[in-house]
Amino acid sequence: MSPLGPILAMGGALYVLRLGGMLLPDLTLPATWERALGWVPVALLSALVVSSLAGSAASDPRQVLAAAVTAGVAWRTRRMWACLASGVLVAGLLRLV
Amino acid sequence: MAQPHSAIIAAARVDADAGRTFWRGFVGLLPLWAGAIPSGMAYGLAARSAGLDPATAQLMSLVVFSATAQLSTVALLGTGVPVVVLVATALALNLQLLLLGLVIGRTLRPTWPQRLAAAWLLTDGAFGVSAGRGPLRLASLLGAGLSMYLGWNLGTGLGSAIGAALPDPHRFGLDLVVPLVFLAVLVPLLRSRTALGVALAAGLAALLLARLGLGSVAVLGGGLVGCAVGTWSSRRSASPGAPGR
């Protein structure tokens with residue numbers, strides 16, 4: 001199946017989402033919904049970390065160690081390039097062992 | 001005679017002012033390129049691992065323009081995962097854009113052309129940069145948005161080029177960059193015990209769903225569980241006398 005269809009569908013959906021808020025300026029959400037939306041980034045990112053690691057970590061537990069190092073670097077520095085560099089480096093070194 | 005003349009001068013002044021505000025937004029976002037370029041590269045590499053050609057990978061960055069949506073769905077393209085699941089995942093990951101749009105609509109009351117342009121370029125980073133410096137202005141939002149658009153697409157191009165030059169991305173630990181990008185964005189958000197609880201609940205639910213063979217909805221399901229836990233526990237601790245938050 002060509003990837004073009006899904007790509008255009010996602011692009012269109014996100015465009016409508018970005019536009020949607022601007023079209024409904026007088027909409028107010030119930031407080032519970034606003035609170036739930038506030039947790040969306042943390043919840044989805046955590047689910048993403050787990051599901052993107054789950055497949056490969058089962059076959060190679062050393063990836064979990066590399067991920068732990070990255071989490072530590074992210075906690076200390078909050079710099080994207082430092083996280084990626086340290087994680088990839090640790091994963092690469094562990095594969096040499 | 002003098003009136004149209006001064007009106008032209010006033011209009012030109014407004015234009016020049018908007019131009020300056022646009023560039024302030026553009027330059028103000030440049031520090032965020034330090035995150036946009038590496039994660040764009042990570043996406044470019046992931047796209048190459050998923051078998052996408054560089055032009056298609058770039059097209060996705062041009063039309064979808066969302067790091068989390070692209071990184072989480074690129075490996076699923078062409079695997080038979082239904083388009084509905086991909087679109088729902090992309091939307092769920094970007095629900096905060098709806099809230100940002102609401103704020104923009106309320107404070108700026110944009111015209112139709114302004115809405116169509118702003119919707120093309122709206123991201124959290126651009127909103128944060130332009131709202132963080134005095135009152136929110138449309139010109140600075142567009143400037144910051146365009147800056148992020150360029151940085152993200154530049155990173156994508158670099159990642160695609162590097163991916164095409166490497167014989168086997170897996171050998172260099174590069175297949176790990178996608179979870180690492182998510183981790184790097186997630187960890188700084190874990191500033192409270194509730195946030196930690198939300199992350200744990202969402203992660204465990206996602207793991208359970210993946211183990212049950214429901215991998216394609218693991219992200220949505222985990223996210224839903226996490227939000228429910230967060231809403232429930234922040235309502236509890238928001239009650240008077242409760243510690244924290």
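The following dialogue explains how to read the contacts in this predicted model.

Modeller: Residues are numbered from 1 along each chain as its sequence is written, and chains are lettered from A and ligands numbered from 1 in the order in which they are written. In this predicted model, local features need pLDDT of at least 70 and side-chain atom pairs count only at pLDDT 80 or more, while totals for chains, interfaces and linings use all residues.

Colleague: How many residues does each chain give to the contact of chain A and chain B?

Modeller: Two residues are in contact if their C-beta atoms, placed from the backbone, lie within 7 Å. Here chain A gives 62 residues and chain B gives 80 residues. The chain B side comprises 53 nonpolar, 22 polar and five charged residues (Ala, Val, Leu, Ile, Met, Phe, Trp, Tyr, Cys and Pro count as nonpolar, Asp, Glu, Lys and Arg as charged, and the others, Gly among them, as polar).

Colleague: At what angle do H1(A) and H7(B) cross?

Modeller: Two packed helices are described by the angle between their axes and the distance between the axes. Helices are DSSP runs (H or I, at least four residues), numbered from the N terminus. Axes are lines fitted to C-alpha atoms over the stretch in contact, with angles from 0 to 180 degrees between N-to-C directions. Helix H1 (residues 4-23) of chain A and helix H7 (residues 112-121) of chain B cross at roughly 135 degrees, their axes coming within 8 Å.

Colleague: Which residues meet there?

Modeller: From H1(A), A:Tyr15, A:Arg18, A:Leu19 and A:Met22 meet B:Arg115, B:Ala118 and B:Ala119 of H7(B). This contact has five nonpolar, no polar and two charged residues.

Conventions. Helices (H or I, at least four residues) and strands (E, at least two) are DSSP runs, numbered from the N terminus.
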